[in-house]
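Colleague: Please take a close look at one part of this model for me. I want the surface that faces the DNA.

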Number of protein chains: 2
Amino acid sequence: MIDKLEMFIALAREEHFGRAAAAQGVTQPTLSAAIKQLEDQLGVMLVWRGSRYRGLTPEGQRALDWARRIVGDTRSLRQEMRAAREGLSGDIRLAVIPTALTVVSDLTAGFTEKHPNVRFSVQSKTSAEILDMLENLEIDAGLTYLDNEPLGRVTTVPIYDERYVLVARADHPLLSGPVRWGDLGDVPLCLLTPDMQNRRIINQHLAEAGVDVDPQIESTSVVVLVSHVLRSNWATILPVRAAEIFLAGSELGSVPLIKPDASHTVGLVAPHREPFTPVLAALLARARGLSEIGIA
Amino acid sequence: MIDKLEMFIALAREEHFGRAAAAQGVTQPTLSAAIKQLEDQLGVMLVWRGSRYRGLTPEGQRALDWARRIVGDTRSLRQEMRAAREGLSGDIRLAVIPTALTVVSDLTAGFTEKHPNVRFSVQSKTSAEILDMLENLEIDAGLTYLDNEPLGRVTTVPIYDERYVLVARADHPLLSGPVRWGDLGDVPLCLLTPDMQNRRIINQHLAEAGVDVDPQIESTSVVVLVSHVLRSNWATILPVRAAEIFLAGSELGSVPLIKPDASHTVGLVAPHREPFTPVLAALLARARGLSEIGIA
DNA sequence: CCCCTACATAGACAGCGTCTATCAAACCCT
DNA sequence: AGGGTTTGATAGACGCTGTCTATGTAGGGG
């Protein structure tokens with residue numbers, strides 16, 4: 001039964017029988033049969049049938065919610081029992097917005113010393129993808145914006161407040177003093193792509209300052225932005241925490257962006273599943289510790 | 001997996017392999033094997049082994065919490081899918097304290113008209129048993145006291161406030177006017193047994209009034225109390241809602257018990273499981289409706 | 001000390017899940 | 001419009017797992 005629910009979740013996520021089967025490590029007929037049996041046992045159609053996957057029925061959508069809970073709780077059970085057996089161990093799968101990637105090391109530092117059997121798997125994703133993956137049980141926790149966008153049924157731990165700086169080569173004329181958002185009208189910029197929340201935040205502040213920008217370079221990667229800034233006359237806007245790793249000993253400089261002193265809270269997001277598994281509880285505790293000592 | 005968790009829950013409840021197996025409709029070796037495999041899969045001991053059942057290990061206790069959630073959610077999934085298929089249907093298993101048994105008909109009235117495919121199964125239990133059965137998934141909801149005793153992770157809907165009357169044959173000397181708790185010192189009484197919360201409440205009010213009672217007749221059944229009162233010179237103390245069904249056209253009379261005007265909230269208790277299944281949601285809605293029109 | 005209760009173990013059997021191979025339908029592109 | 005491709009369903013074989021009955025073994029009680 002639980003296996004079938006896992007396959008059902010995979011199907012809803014992949015929207016494709018073949019891919020879902022591959023993701024579950026079974027063949028396509030096996031997954032097809034599992035879904036059919038699930039429908040038989042529950043007595044309702046879960047998936048619109050045709051010669052293609054055409055989405056979930058309303059009942060399928062409701063069933064998906066329950067399936068996620070059941071499968072998630074089952075994983076929690078297994079994980080907690082393993083923790084009881086061999087101490088904190090296993091993988092923590094994290095997804096992180098690009099501008100918070102440098103904060104992950106603050107989170108893992110100390111944690112891995114205390115719990116040497118815990119492995120981390122960190123991937124860079126957009127904030128929307130992070131919430132999706134959290135729902136689909138593809139990650140255990142996320143590091144993303146806590147305000148601004150609706151979060152689901154999750155537990156959040158704020159860690160720091162993002163503040164923004166303009167980053168450019170040290171000889172850039174704007175670097176002599178604080179820069180207002182409104183000053184950026186004609187500055188050549190590299191920015192993150194508009195599907196990313198950081199970019200939407202920046203767009204919003206620029207718009208409020210009456211500025212309209214049209215970046216020549218857009219990317220989902222901060223590294224791409226910085227390497228462009230390094231090699232040319234461009235500037236970029238980055239959160240302090242994302243920028244500082246590039247500033248030490250480089251030819252780059254930065255100045256705070258003011259008016260307004262924009263600030264957005266970034267923190268840990270985890271599925272709200274009472275009680276928390278020991279590993280997750282430890283991670284959340286670590287995040288609360290970070291927030292208290294004020295790493296930003 | 002889910003079957004094994006069900007067996008594990010049954011074992012924890014029955015504290016006996018044979019009885020748990022019978023409760024699950026399997027033989028004892030099957031259940032033994034299931035528990036053993038569960039322990040193997042989770043990699044921990046769940047049950048203290050000997051030639052007898054000797055309780056759960058700490059890990060078993062934690063696993064039991066998860067198992068209850070997982071099994072409960074699975075049942076919710078099935079129930080909700082059946083509701084989607086054939087409208088509200090199925091059984092609602094209720095456990096009710098004896099003094100609230102007459103209120104059940106208020107709850108079921110109208111409900112069964114609207115939802116003819118819903119069956120009710122009502123059993124009379126003590127408030128402690130009700131909370132136990134709620135945890136063990138043996139009932140879907142309970143009707144019991146909402147104050148006074150600690151409730152677990154449950155949803156509660158208050159329905160009415162219990163108020164107390166003295167019940168005796170119509171010719172009983174005390175029935176001429178309101179009676180104070182303190183007047184009951186030498187009155188021969190029949191009361192519920194001391195393991196029942198109603199009795200503990202009554203004891204408390206009597207004690208506060210400085211009265212010490214020693215009932216000659218104790219029972220877990222209100223019917224037993226009333227039949228004794230009918231046939232002899234005894235009196236009993238009952239909530240209004242429990243008493244009134246016996247008063248109409250009988251040789252009995254009642255007077256309010258005052259000083260203090262004691263009152264205890266009774267209502268519906270259901271496991272807190274988001275989202276609620278359609279039947280349970282409907283039942284809770286019905287209970288809220290009752291509370292609003294003030295059936296007491 | 002013996003018997004009874006309680007749980008574990010052994011072996012047989014059935015049902016279910018999974019695989020490979022194949023089919024049917026719908027979509028896509030020329 | 002038609003051939004090729006993609007997508008999911010179906011068929012049949014095989015192995016695993018869960019369940020049963022029968023039996024063994026260890027404590028507990030009289």
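Modeller: Start with a lysine: a polar side-chain atom of Lys4(A) sits 2.8 Å from a phosphate oxygen of DNA strand C. Thr30(A) also reaches a phosphate oxygen of that strand, at 2.6 Å. A base is contacted too: a side-chain N or O atom of Gln28(B) lies 3.0 Å from a base nitrogen of DNA strand C. A polar contact here is a pair of N or O atoms within 3.5 Å; within protein, one must be able to donate a hydrogen and the other to accept it, and residues adjacent in sequence count only if both atoms are side-chain atoms.

This is a predicted model: local features need pLDDT of at least 70, side-chain atom pairs count only at pLDDT 80 or more, and totals for chains, interfaces and linings use all residues. Residues are numbered from 1 along each chain as its sequence is written, chains are lettered from A and ligands numbered from 1 in the order written, and side-chain values use heavy atoms, without hydrogens and water.

Now the whole surface. DNA strand C is surrounded by 22 residues, each with a heavy atom within 4 Å of the strand. Among the closest are Ser32(B), Arg49(B) and Tyr53(B). Sugar or phosphate supplies 80% of the strand's atoms within 4 Å of the protein; bases supply the rest.

Which element gives the largest share of this surface? α3(B) does, with 4 residues. Helices are DSSP runs (H or I, at least four residues), numbered from the N terminus.

Key
Helix = DSSP H or I, 4+ residues; strand = E, 2+ residues; numbered from the N terminus.
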